[in-house]
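Hi there,

Here is the structure I promised to hand over. Please open it alongside this note, and I will go through the findings below.

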Amino acid sequence: MTDRAKISVHKFASCDGCQLAFLNAGEQLLTLARLVDIVHFAEAGMIAPGEPVDIAFVEGSISTPDHLDRIRDIRERSRFLVTIGACATAGGVQALRNLANGGEWVAGVYASPSYIESLATSTPIARHVKVDLELWGCPVNTRQVMTAIRDLLSGVTPVADEDKVCMECKRTQAVCVMVAKGIACMGPVTRTGCGAICPRFGRDCYACYGPAENVNAESLGRRLEGLGLLPEAVARRFLFINNAAPVFADAGRRYRDE
Ligand code: SF4
Ligand code: SF4
């Protein structure tokens with residue numbers, strides 16, 4: 001037995017990519033082992049979902065009736081609950097079904113759709129239980145989860161990265177792909193945290209880190225139309241991985257209705 005803090009990592013509807021922020025942490029795994037005991041993390045082999053913990057990390061969105069019961073149980077047994085990734089914080093790519101008739105999709109794909117226990121919508125964790133900290137990204141990175149663990153266990157209020165990817169481009173001296181190449185980029189409305197990795201490799205940001213502070217969707221939408229995108233294409237830029245984030249959802253619907 002140790003007096004280290006206990007953490008757990010849970011999966012809901014997701015691709016498992018955010019859990020790699022722990023598994024691929026490299027040398028930081030040694031630091032993690034000094035800071036905490038991981039009591040439940042199915043992908044890493046530890047199975048004790050009912051164990052009370054100091055911090056529960058939750059990946060994935062709520063997509064089935066079983067998810068609803070499980071997330072309430074986790075909340076009751078956790079001092080802090082932290083969502084990791086676009087799926088858990090804003091629905092993820094599977095929330096695209098919220099914009100369509102999910103039942104029709106299931107019937108179109110499966111021979112016996114009655115076997116599929118699926119809710120009509122895919123929703124972020126915060127719609128169902130109190131969330132203490134949201135880590136955005138698809139996927140999140142090791143720096144984000146390590147900072148969250150240190151802050152929460154030290155009694156420090158975590159500071160959210162809300163700056164825009166554009167600011168990160170300036171800080172890293174990346175050439176703006178929209179200005180220099182005329183590429184439609186979501187960086188002006190997307191929160192930083194990734195190090196502006198896409199523009200630094202010469203491609204557009206597709207907003208996987210979700211909405212930044214003070215989003216001016218109308219202004220960016222006009223710019224994207226100026227670059228040749230039709231309203232439906234602009235709508236799709238907002239209604240993508242983080243389509244359940246209210247500011248993106250509103251902007252996307254506005255363009256879809258045009
Ligand atoms: S946020 Fe992205 S990387 Fe993380 S689980 Fe969802 S789809 Fe996978
Ligand atoms: S630049 Fe945009 S799309 Fe690329 S990783 Fe960062 S937030 Fe995601």
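Helices H2 and H6 meet through Gln28, Thr31, Leu32 and Leu35 on the H2 side and Thr142, Met146, Ile149, Arg150 and Leu153 on the H6 side. Please keep in mind that this is a predicted model. By class, the residues of this contact divide into five nonpolar, three polar and one charged. H2 and H6 pack at an angle of about 20 degrees, and their axes are 12 Å apart. Because angles under 35 degrees count as roughly parallel, H2 and H6 are described as roughly parallel to each other. The crossing in which H2 passes H6 is left-handed.

One residue to click on here is Thr31, which sits in helix H2, spanning residues 28-35. Is Thr31 buried or exposed? With a relative accessible area of 18%, Thr31 is buried, because buried means under 20%. Setting aside residues up to four places away in sequence, Thr31 touches Met146 and Arg150, and both of these belong to the H6 side of the contact.

Next, please turn to helix H12, which has two helix contacts to look at.

The first is with H11. The axes of helix H11 (residues 231-238) and helix H12 (residues 246-257) come within 8 Å and cross at roughly 165 degrees. That angle makes H11 roughly antiparallel to H12. H11 and H12 cross in a left-handed way. From H11, the contact involves Pro231, Glu232, Val234, Ala235, Arg236 and Phe238, while H12 supplies Phe248, Ala251, Gly252, Tyr255 and Arg256. Sorted by class, the contact of H11 with H12 has seven nonpolar, one polar and three charged residues.

The second is with H10. Here the axes of helix H10 (residues 217-226) and H12 come within 10 Å, crossing at roughly 45 degrees. H10 is therefore oblique to H12. The crossing of H10 past H12 is right-handed. Ala217, Glu218, Gly221, Arg222 and Glu225 of H10 make the contact with Ala251, Arg254 and Tyr255 of H12. In this contact of H10 with H12 there are three nonpolar, one polar and four charged residues. Ala251 and Tyr255 of H12 are listed in the contact with H10 and also in the contact with H11.

Arg256 is a good place to pause in H12. Arg256 has a relative accessible area of 34%, so it is partly exposed. Which residues does Arg256 touch, leaving aside neighbours within four places in sequence? The partners are Leu99, Glu232, Ala235, Arg236 and Leu239. Arg256 and Leu230 are 26 residues apart in sequence, and their C-alpha atoms are 9.9 Å apart in space.

From Arg256 you can step across to Leu99, which is placed in the loop between helix H4 (86-90) and helix H5 (102-109). Leu99 is partly exposed, at a relative accessible area of 32%. With neighbours within four places in sequence left aside, Leu99 is in contact with Leu239, Arg253 and Arg256. Leu239 is thus a partner of Leu99 and is likewise in contact with Arg256. Leu99 and Thr121 are 22 residues apart in sequence and 8.9 Å apart in space, C-alpha to C-alpha.

The loop between H4 and H5 also holds Gln94. Neighbours within four places in sequence aside, Gln94 is in contact with Ala13, Ser14, Ser61, Ser63, Cys87 and Ser122. Two of those names, Ser14 and Cys87, come up again around ligand 1.

That brings me to the ligands. The residues surrounding ligand 1 are Ser14, Cys15, Asp16, Gly17, Cys18, Glu59, Gly85, Ala86, Cys87, Gly137, Cys138 and Pro139. By class, this shell has six nonpolar, four polar and two charged residues.

Around ligand 2 you will find Thr190, Cys194, Ile197, Cys198, Pro199, Cys205, Tyr206, Ala207, Cys208 and Tyr209. The shell of ligand 2 has nine nonpolar, one polar and no charged residues. As for how Gln94 relates to Tyr206, they are 112 residues apart in sequence and 16 Å apart in space, C-alpha to C-alpha.

Happy browsing, and best wishes!

How values were computed. Residues numbered from 1 in each chain as written. Chains lettered and ligands numbered in written order. Predicted model: local features only at pLDDT ≥ 70, side-chain atom pairs only at ≥ 80, totals over all residues. Heavy atoms only, no water. Helix = DSSP H or I, 4+ residues; strand = E, 2+ residues; numbered from the N terminus. Buried < 20%, exposed > 50% of the residue type's maximum accessible area, 1.4 Å probe, protein only. Contact = heavy atoms within 4.5 Å. Axes fitted to C-alpha atoms, helices over the stretch in contact; angles between N-to-C directions. Parallel < 35°, antiparallel > 145°, perpendicular 65-115°, else oblique. Left-handed = near helix turned anticlockwise from the far one by under 90°. Nonpolar A, V, L, I, M, F, W, Y, C, P; charged D, E, K, R; others polar. Near = heavy atom within 4 Å.
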